[in-house]
Amino acid sequence: MHDIGYAPSLARSGFHPLDGARWLQAQGADERMVCLVAHHTGALFEAERRGLADQLSVFAREESATSDALWYADLTSGPTGCATTFEARVEEILTRYAPGSVVHESISAARLTLAGAVRRTRERLTAYPR
Ligand SMILES: [Fe+2]
């Protein structure tokens with residue numbers, strides 16, 4: 001769900017977290033989910049570089065175990081949905097997007113923030129095993 005903004009028919013700004021959140025909001029989706037989609041996986045880092053931070057900030061940015069878990073799931077699965085490590089996922093993105101590109105620079109800048117969400121989620125999973 002969090003990447004629904006990649007659907008070509010939904011693209012308006014070309015920034016998938018924003019396009020996805022706007023579309024979900026228009027469909028009447030739960031506001032918390034809309035906001036989680038808008039800000040998933042460090043979206044603000046890229047929004048700032050695209051000049052879209054003001055538009056993204058319309059949506060509340062949640063910092064919680066839930067948002068961490070969403071980022072964790074995103075950052076520990078590859079483009080095809082297969083499980084991967086955070087480190088491999090970040091390297092895959094940095095390889096797929098050329099240095100100097102908005103995505104490459106955004107992920108580079110966000111890396112520590114992203115790693116924090118992954119670390120906190122791992123700690124929670126360890127502290128509260130099934
Ligand atoms: Fe995404």
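Begin by selecting Thr41, which is buried in this predicted model at 12% relative accessibility, because the cut-off for buried is under 20%. Thr41 sits in the loop between helix 2 and helix 3. Display its backbone: phi is positive, about 55 degrees, although Thr41 is not a glycine. Most residues other than glycine have a negative phi.

**The iron site**

Next, select the iron ion together with Asp3, His16 and His40. The ion is coordinated by OD of Asp3, NE2 of His16 and NE2 of His40, at 2.1 to 2.2 Å. Along the chain, these donors follow the spacing D-x12-H-x23-H. Asp3 belongs to the segment before helix 1 (16–26), whereas His40 belongs to the loop between helix 2 (31–38) and helix 3 (43–50), so the pair ties together parts that are 37 residues apart in sequence.

Add the solvent-accessible surface and compare two of the ligands. Asp3 is partly exposed, with 27% relative accessibility. His40 is buried, at a relative accessible area of 3%.

**Helix 1 and its surroundings**

Now select helix 1. Which of its residues are buried? They are His16, Pro17, Leu18, Asp19, Gly20, Ala21 and Leu24. His16 therefore appears twice on this tour, as an iron ligand and as one of the buried residues of helix 1. Show helix 2, helix 3 and helix 4 (53–56) as well, since what covers the buried residues of helix 1 includes these three elements.

Move along helix 1 to Gln25. This residue is partly exposed, with a relative accessible area of 37%. Leaving aside residues up to four places away in sequence, Gln25 touches Glu31, Val34 and Phe59. A distance label from Gln25 to Cys35, 10 residues apart in sequence, should read 9.0 Å between C-alpha atoms. Past the end of the helix, select Gly28, which follows helix 1 and has a positive phi near 85 degrees.

Then go back to the segment before helix 1 and pick Arg12. Arg12 is exposed, at a relative accessible area of 65%. Its C-alpha lies 9.7 Å from that of Trp23, and the two residues are 11 apart in sequence.

**Helix 6 against helix 7**

Select residues 86–96 and 102–127, which are helix 6 and helix 7. Their axes come within 10 Å and cross at roughly 170 degrees. That angle makes helix 6 roughly antiparallel to helix 7, because angles over 145 degrees count as such. The crossing is right-handed.

Which residues should be shown as sticks to see helix 6 meet helix 7? On helix 6, choose Phe86, Glu87, Val90, Glu91, Ile93 and Leu94. On helix 7, choose Val103, His104, Ile107, Ser108, Arg111, Leu114, Ala115, Val118 and Arg122. Coloured by character, the residues of this contact divide into 9 nonpolar, 2 polar and 4 charged.

The last stop is Leu125, also found in helix 7. Leu125 is partly exposed, at 49% relative accessibility. Draw a final distance from its C-alpha to that of Val102: the two residues are 23 apart along the chain, and their C-alpha atoms are separated by 32 Å.

Terms used. Residues numbered from 1 in each chain as written. Predicted model: local features only at pLDDT ≥ 70, side-chain atom pairs only at ≥ 80, totals over all residues. Heavy atoms only, no water. Axes fitted to C-alpha atoms, helices over the stretch in contact; angles between N-to-C directions. Helix = DSSP H or I, 4+ residues; strand = E, 2+ residues; numbered from the N terminus. Parallel < 35°, antiparallel > 145°, perpendicular 65-115°, else oblique. Left-handed = near helix turned anticlockwise from the far one by under 90°. Contact = heavy atoms within 4.5 Å. Nonpolar A, V, L, I, M, F, W, Y, C, P; charged D, E, K, R; others polar. Donors = N, O, S within 2.8 Å, 3.2 Å for Na, K, Ca; no water. Buried < 20%, exposed > 50% of the residue type's maximum accessible area, 1.4 Å probe, protein only.
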